[in-house]
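Me: I have a sequence and a model open side by side. Please take one strand and look at it closely, then work outward to the sheets and helices elsewhere in the chain.

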Amino acid sequence: MTEVEERTPLEAVQKAREIWLNAIKQSDLDEVERLYRWALSSKKNIETDGNDGSERPKKKAKQGHCGLDRSDYINASEKFALLLCQSGRCKKAKKGLASIGFTCRLAKRVLDYPDESKESDDSSPNKDRKQQKAPPCTIVDNFLSQAELERLQSVFESTTANYWTSHDYAVEPPSPYFSYVLSLEQIETNGFGFIGELIQKVLNCPQLAEKFPKLPNTRYVEMWAHNRPHASGHQLHFDSDDEGREGVRNPIISTILYIADGDDDIAGGPSMVTNQKLSDEKLATKGWMSSPKPYRLVAFDGRYLHGVVPGKGTREGRRVTLMFAFWDDIKIRRGLGPGSARPFPKNILPPWASQLAKPMETAENENQYDNCKTAEPIKLDRVYETLDGKAWNKQEMPAYDEVFQGF
């Protein structure tokens, strides 16, 4: 009996995900695929109690769930489909996706995204680029200085850093969303050291001022961060005050700072922004992606649907990002423990806030934008496709759980 056969199907899919999130070589992904294939094709059945409260004998689960309950079966099927799509095998994922209720998926060019460094400006099939509508996002390379990057790394890079442990941060399953808000009035009055200077640097960035004319209306800045394995993504969503609980309100813009150094090939999949707004009655037809890159800033109009594509293949390290959302108004929510839009700490600062609020040793550089340059995003002429790989041209909006995102 092989090692995999000694596992239950549930243990096999749990092990597969563990290996995937820590994969550093192709043989790791080969083992992930083997475990998913075995678990999903296993003929083992699970026993379930009768749900009428009687003492009658247990019955076997329906054939086809492979020893997994329905939820675990669907989750494993989705993960296996993602692995296929990321490795150029979208067609082989069709049958499995259809069997669990999906009618369309993110495009092959999204899930099996191209290498940004190999993309050319004319990579889009559209012939007349002048007629293309300007994207709702902009990318600024070399935005962070080395000193700024190192300060951010000291706060956010390690998974055992105070910022993460004090908020009980987790990726799978995800911990509840938490963020902090500073008012520009506070920053102008009290400074807030490094984090205040960084916010002002973003606000005054020439490339952003040109792209987003409403940015000067900012009165509040919301801050949050993530530290994810390479293979972990973030589902498509709209940024909203308190995650839309009291009605959807979008920020003026949202921004992403990638906290990593080294070469351009760092951990994590690309950030994706689409042309879909909440009020739209059809799925997005265009998209733009930015790969994680040291010192890079990405900014986008806060009204648009966006997310993080799971990293494909293998990379060492983690995808660490700091986000700012710039608001004309947002409700600051006081409370105990982590939560949405908490006031940024003052007076007695926890270690992570003290690190962010500590002033930089070097004075602000008057030429701090000299090395900044605008970069082109990866352009997407399709965001969604049918399970057959054809353009999604249907007029009606499919149900959210009928669209395979892979994450």
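Reply: Start with one facing pair: Ile139 stands opposite Ala375 in strand E15. Ile139 belongs to strand E4, and this is a predicted model. E15 covers residues 373-375, and E4 pairs with E15 in the antiparallel sense over three bridges.

E4 has another partner as well. Strand E11, residues 297-301, pairs with E4 over four bridges, again in the antiparallel sense. Here the facing pair is Val140 and Leu297 of E11.

Now the side chains of E4. Cys137, Ile139 and Asp141 point one way. Thr138 and Val140 point the other way. Both sets are buried. E4 spans residues 137-141, and five of its five residues are buried, so the strand is largely enclosed by the rest of the structure. Buried here means under 20% relative accessible area.

The chain as a whole gives the background. It has 407 residues, and buried residues make up 50% of them. It contains eleven helices and 18 strands. Take the contacts between residues at least 6 apart in sequence: 80% of them join residues at least 24 apart.

Next, an open sheet of five strands. Its order is E7-E12-E9-E10-E16, and the pairing is antiparallel. Which strands stand at the edges? They are E7 (234-237) and E16 (378-380). Each has a single partner strand, so one side of each is left without a neighbour in the sheet. Neighbouring strands in this sheet are turned by 20° against each other on average, direction ignored.

Look at the E7 edge. E7 pairs with E12, residues 304-308, in the antiparallel sense over two bridges. His237 stands opposite His306 in E12.

Follow the chain on from E7. The loop between E7 and strand E8 (253-258) holds Asn250. Is Asn250 buried, partly exposed or exposed? Its relative accessibility is 26%, so Asn250 counts as partly exposed. Leave out residues up to four places away in sequence, and Asn250 touches Phe238, Asp239, Gly302, Arg303 and Trp327. Phe326 is 76 residues from Asn250 along the chain, yet their C-alpha atoms are separated by 9.4 Å.

A three-strand sheet comes next. It is open, runs in the order E17-E3-E18 and has mixed pairing. E17 (384-386) and E18 (403-404) are the edge strands, each pairing on one side only. E3, residues 104-106, pairs with E18 in the parallel sense over two bridges. Cys104 stands opposite Val403 in E18. In general, strands of a sheet pair through backbone hydrogen bonds, either parallel or antiparallel.

Finally, the helices. Two packed helices are described by the angle between their axes and the distance between the axes.

Take H1 and H3 to begin with. H1 covers residues 9-21 and H3 covers residues 70-86; they pack at an angle of about 40°, with their axes 11 Å apart. That angle makes H1 oblique to H3. Their crossing is left-handed. From H1, the contact uses Leu10, Val13, Arg17 and Trp20. From H3, it uses Asp72, Ala76, Lys79, Leu82, Leu83 and Gln86. By type, the residues of this contact are six nonpolar, one polar and three charged.

H3 also packs against H2, residues 26-41. How far apart are the axes of H2 and H3? They lie 10 Å apart, at an angle of about 140°. H2 and H3 are therefore oblique to each other. H2 passes H3 in a left-handed crossing. On the H2 side, the contact residues are Leu29, Val32, Glu33, Tyr36, Arg37 and Leu40. They meet Tyr73, Ala76, Ser77, Lys79, Phe80, Leu83 and Leu84 in H3. This contact divides into nine nonpolar residues, one polar and three charged.

Put the two helix contacts together. Ala76, Lys79 and Leu83 of H3 take part in the contact with H1. Ala76, Lys79 and Leu83 of H3 also meet H2.

Back to the starting point. E4 has E11 as an antiparallel partner, and E15 as well. Five of the five residues of E4 are buried.

How values were computed. Residues are numbered from 1 along each chain as its sequence is written. This is a predicted model: local features need pLDDT of at least 70, side-chain atom pairs count only at pLDDT 80 or more; totals for chains, interfaces and linings use all residues. Side-chain values use heavy atoms; hydrogens and water are left out. Axes are lines fitted to C-alpha atoms, for helices over the stretch in contact, and angles run from 0 to 180 degrees between N-to-C directions. Angles under 35 degrees count as roughly parallel, over 145 as roughly antiparallel, 65 to 115 as roughly perpendicular and the rest as oblique. A crossing is left-handed if the near helix is turned anticlockwise from the far one by less than a right angle, and right-handed if clockwise. Contact means heavy atoms within 4.5 Å. Ala, Val, Leu, Ile, Met, Phe, Trp, Tyr, Cys and Pro count as nonpolar, Asp, Glu, Lys and Arg as charged, and the others, Gly among them, as polar. Two strands pair if DSSP finds at least two bridges between them. Buried means under 20% relative accessible area, exposed over 50%, partly exposed in between (1.4 Å probe, protein chains only).
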